[in-house]
Amino acid sequence: MSIAHACPRCQETLDLPPASLGLVVACPRCGASSLVADSPPPPPAPSAGRAGFGYDEVHTILEATAGPPRPPDARATPGRKSETASPGSFPPVATQSPVPAELRDMILISRRAVYAQALLFCAVAALGFAAGYAVARRTGAAASGQDTAANDSPVAVQGVVTFGPKGVLQKDVGAVIVALPVNRRPLSRLSAQGLQVAEHDGAETNAALAAIHALDGDYVRADENGAFELVVKRPGVYRLLIVSRNTLRAPRETIAGHELEEMSTYFQMPAEVIGLHRYFWKTERFDHRNHAVAQTFPATGA
């Protein structure tokens with residue numbers, strides 16, 4: 001009497017001798033090994049709602065065909081768990097690694113956003129610089145205008161004229177003091193009338209004085225203390241003429257030729273303006289830092 005045995009893989013029916021009972025035989029059709037039981041196992045029912053083999057059927061087939069267990073790999077790292085799936089469980093599924101702790105508080109920004117922010121920062125910085133430059137330039141121009149206006153304001157030149165030997169100086173009352181700008185000349189040279197030291201007081205009202213004022217210069221006489229104050233309209237370089245009223249030149253003391261030539265660019269007859277009196281002629285710079293003059297003439301005949 002033969003035993004009918006169905007292959008669990010391909011369902012091929014095998015006619016086996018009774019001695020095969022309890023033995024493992026191989027299917028000549030698919031090669032699957034299976035245990036010969038007393039009665040053939042019922043065909044596996046398909047899983048509900050699924051086509052093909054279910055997990056239990058696949059597992060049964062794998063156990064029947066797996067053969068003897070494989071020895072562990074000698075190259076495996078000590079202490080490392082085997083990645084082989086245990087019977088009755090699915091292979092492990094790769095999962096996404098958790099976010100590192102140092103990156104959890106960070107905000108990810110795209111490169112395009114970084115470039116846009118950099119361009120915006122540069123634009124704001126450029127606008128701020130331009131605005132600051134414009135304000136500074138306007139402020140500097142205003143300050144420069146104020147400084148220029150202050151520098152162009154009139155300068156009061158104070159001084160004193162005396163005469164006599166050292167230690168016995170006297171006040172040179174009525175001395176004539178004239179300031180004429182170096183870079184300006186009168187349209188017509190000045191007449192000596194009204195400018196001489198022997199002239200009466202009030203000579204300051206004549207045409208020559210008006211011409212001096214038109215040149216931004218000034219003409220004054222020393223007061224009873226020998227003091228005077230000139231007012232030139234703006235800072236600059238001036239020719240300063242001081243003529244003593246109380247001292248006379250020595251007979252052989254004449255007007256220097258180069259000084260006479262320089263005076264002639266302002267006066268028609270410089271010798272008439274000076275007369276026989278001692279004089280002082282030089283170039284002075286008058287500004288708001290330098291506005292004081294002191295002149296002492298030696299006594300007559302000294």
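This is a short walk through one protein chain, from its overall make-up to a few individual residues.

Let me start with the ground rules. The model is predicted, so local features need pLDDT of at least 70 and side-chain atom pairs count only at pLDDT 80 or more, while totals for chains, interfaces and linings use all residues. Residues are numbered from 1 along each chain as its sequence is written, and side-chain values use heavy atoms, with hydrogens and water left out.

Confidence next. pLDDT is the predictor's confidence in each residue, from 0 to 100. The protein has a mean pLDDT of 78. Of its residues, 70% reach 70 or more. Among the elements, H1 has the lowest mean, 55. Strand E7, residues 176–181, has the highest, 95. Residues 81–85 stay under 50. For that stretch the model has four contacts beyond four places in sequence. Contact means heavy atoms within 4.5 Å.

Now the overall make-up. The protein has five helices and twelve strands. These are DSSP runs, numbered from the N terminus: helices are H or I with at least four residues, strands are E with at least two. There are 302 residues, and 27% of them count as buried. Buried means under 20% relative accessible area, exposed over 50%, and partly exposed in between, with a 1.4 Å probe and protein chains only. The accessible surface comes to about 20,600 Å². Carbon and sulfur atoms own 60% of that surface. Areas come from the Shrake-Rupley method with a 1.4 Å probe; for residues, only the protein chains shown count as cover. Take the contacts with a separation of 6 or more: 65% of them join residues 24 or more positions apart.

On to the strands. Which strands pair with E5? E5 covers residues 155–163, and it pairs with E12 in the parallel sense over six bridges. E5 also pairs with E9, in the antiparallel sense, again over six bridges. Two strands pair if DSSP finds at least two bridges between them. Look at glycine 159. Opposite it in E12 stands valine 293. Its bridge partner in E9 is phenylalanine 228.

In a regular strand the side chains alternate between the two faces of the sheet. E12, residues 292–297, shows the alternation. Val293, Gln295 and Phe297 point to one face and are buried. Ala292, Ala294 and Thr296 point to the other and are not. E9, residues 227–232, also alternates. There Phe228, Leu230 and Val232 are on the buried face. Ala227, Glu229 and Val231 point the other way and are not buried.

Salt bridges. The whole structure has seven. The criterion is a side-chain nitrogen of Lys or Arg within 4 Å of a carboxyl oxygen of Asp or Glu. Arginine 29 pairs with glutamate 12, with the closest N and O atoms 3.1 Å apart. Arginine 29 sits in the E3–E4 loop and glutamate 12 in the E1–E2 loop, so the pair ties together parts 17 residues apart in sequence. Arginine 29 is exposed, at 59% relative accessible area. Glutamate 12 is partly exposed, at 28%.

Arginine 184 and aspartate 216 meet at 2.8 Å, N to O. Arginine 184 lies in the loop between E7 and H3, and aspartate 216 in the loop between H3 and E8, so this pair ties together parts 32 residues apart in sequence. Is aspartate 216 buried or exposed? Aspartate 216 is buried, at 8% relative accessible area. Arginine 184 is partly exposed, at 34%. The two belong to a salt-bridge network with Lys233 and Arg234. One more point on aspartate 216: its phi is near 75°, a positive value in a residue other than glycine.

Glutamine 11 has a positive phi too, near 65°. Glutamine 11 is in the loop between E1 and E2.

Last, two local spots. Histidine 277 is in strand E11, residues 277–286. Histidine 277 is buried, at 15% relative accessibility. Leaving aside neighbours within four places in sequence, its contacts include Val197, Val243 and Leu248.

And the surface. Ile107, Ile109, Val114 and Tyr115 form a nonpolar patch, with about 450 Å² of accessible area together. Patches take residues with over 30% relative accessible area and no salt bridge; like charges are joined within 9 Å, nonpolar side chains (Val, Leu, Ile, Met, Phe, Trp, Tyr) within 5 Å. Isoleucine 109 lies in the loop between H1, 55–65, and H2, 111–151.
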